[in-house]
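Dear colleague,

Please find below the structure I promised to hand over. My notes on what was found in it follow directly after.

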Amino acid sequence: MRHEHRGRGFGRPGGWQQADLPDPADAPDWFAGRLPEDWFAGPPVIEIDRDEIVVVGELPLTQPEKTPAEGDADASTEEVPQATKEGAVSRFRESTRPARMQIADEAQRRYGRSVAWGVSVGGERVMFTHLAVPVMTRLRQPERKVLDTLVDSGVARSRADALAWTVKLAGKHAESWLEELRGAMRKVDDLRSEGPQGL
């Protein structure tokens with residue numbers, strides 16, 4: 001998590017990278033080595049941006065014991081009860097809190113970003129406390145009208161909520177394009193690292 005104000009002049013033009021932040025490229029490997037093996041049913045998903053590292057792992061769940069009369073049913077098709085999922089999330093959150101805080105502190109010192117935690121259980125994603133970063137922007141009247149329409153219609157409570165809603169919608173519908181763009185940016189970084197130094 002960034003605690004200090006970084007001011008003007010950081011990163012490269014275009015605003016998609018901050019040069020003064022540590023490179024988080026090895027973060028998935030670091031977490032793979034640092035996290036206890038029994039926390040998740042497989043490697044966690046690691047998502048990284050300029051402000052935050054989000055770690056989401058799949059909780060291992062066991063099906064409730066069947067009575068002899070129920071033994072004929074196929075256990076693989078049984079739905080895990082919602083209460084079981086909620087209990088598993090609560091148990092994980094409470095029992096791992098001190099260790100998660102320590103790991104988050106270590107990662108923050110290493111990567112200059114806060115760490116947020118979440119779990120996936122039965123196909124549902126549950127996030128614990130994570131950042132909501134304010135983003136300032138200037139909008140001309142046509143764009144402001146879009147936000148005001150969302151507010152006036154009750155879709156959003158404020159212009160800020162309306163802007164967040166439109167960003168989520170755009171991200172959802174443009175995910176494949178955004179992933180291509182991220183891939184292109186990674187290639188540019190790779191080429192830059194292989195080029196002559198000091199230019």
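The buried residues of helix α2 pack against three elements: α3 (97-111), β3 (114-121) and β4 (124-127). Please bear in mind that this is a predicted model. The buried residues in question are Lys 85, Ala 88, Val 89 and Phe 92. Viewed down the axis of α2, the buried residues fall within an arc of 95°, so they line one face of the helix. As a general point, an α-helix has 3.6 residues a turn, so residues three or four places apart point the same way. On the face of α2 turned away from the buried side are the exposed residues Ala 83, Arg 91 and Ser 95. The length of the helix was also checked: α2 comprises 14 residues (82-95), which at 1.5 Å a residue should span 20 Å, and its end C-alpha atoms are indeed 20 Å apart.

Lys 85 deserves a separate paragraph. This residue of helix α2 has a relative accessibility of 4% and, because buried means under 20%, counts as buried. Leaving aside residues up to four places away in sequence, Lys 85 touches Leu 61, Glu 79, Val 80, Val 121, Gly 122 and Glu 124. With Glu 124, the side chain of Lys 85 meets in a salt bridge, at 3.5 Å from N to O. Since Lys 85 lies in helix α2 and Glu 124 in strand β4, the pair ties together parts that are 39 residues apart in sequence. Glu 124 itself is partly exposed, at 33% relative accessibility.

How many salt bridges does a search of the whole structure find? The search finds 8. One of them joins Glu 47 and Arg 125, whose closest N and O atoms are 3.3 Å apart. Glu 47 belongs to strand β1 (residues 45-48) and Arg 125 to strand β4, so this pair ties together parts that are 78 residues apart in sequence. Glu 47 is partly exposed at 36% relative accessibility, and Arg 125 is likewise partly exposed, at 46%. A further salt bridge is formed by the side chains of Arg 186 and Glu 179, at 3.1 Å from N to O. Arg 186 is partly exposed, with a relative accessible area of 46%, and Glu 179 is also partly exposed, with 37%.

Turning to the surface, Val 155, Trp 165 and Leu 169 make a nonpolar patch of about 260 Å². Leu 169 lies in helix α5 (residues 159-173) and is partly exposed, at 35% relative accessibility. In helix α4 (residues 141-152) one finds Glu 143, which is partly exposed with a relative accessible area of 39%. The C-alpha atom of Glu 143 is separated by 9.8 Å from that of Leu 163, 20 residues away along the chain.

Finally, the chain as a whole. The secondary structure comes to 6 helices and 4 strands, which follow the pattern α-β-β-α-α-β-β-α-α-α along the sequence. Of the 199 residues, 23% are buried. Among contacts between residues at least 6 apart in sequence, 57% join residues at least 24 apart. The accessible surface of the chain comes to about 14,200 Å², and 54% of this belongs to carbon and sulfur atoms.

With kind regards

Technical notes
Residues numbered from 1 in each chain as written. Predicted model: local features only at pLDDT ≥ 70, side-chain atom pairs only at ≥ 80, totals over all residues. Heavy atoms only, no water. Helix = DSSP H or I, 4+ residues; strand = E, 2+ residues; numbered from the N terminus. Expected span 1.5 Å × (residues − 1). Buried < 20%, exposed > 50% of the residue type's maximum accessible area, 1.4 Å probe, protein only. Arc of directions from axis to C-beta. Contact = heavy atoms within 4.5 Å. Areas by Shrake-Rupley, 256 points an atom, 1.4 Å probe, with all protein chains shown as cover. Patch = residues over 30% accessible without salt bridge, like charges linked within 9 Å, V, L, I, M, F, W, Y side chains within 5 Å. Salt bridge = Lys/Arg side-chain N within 4 Å of Asp/Glu carboxyl O.
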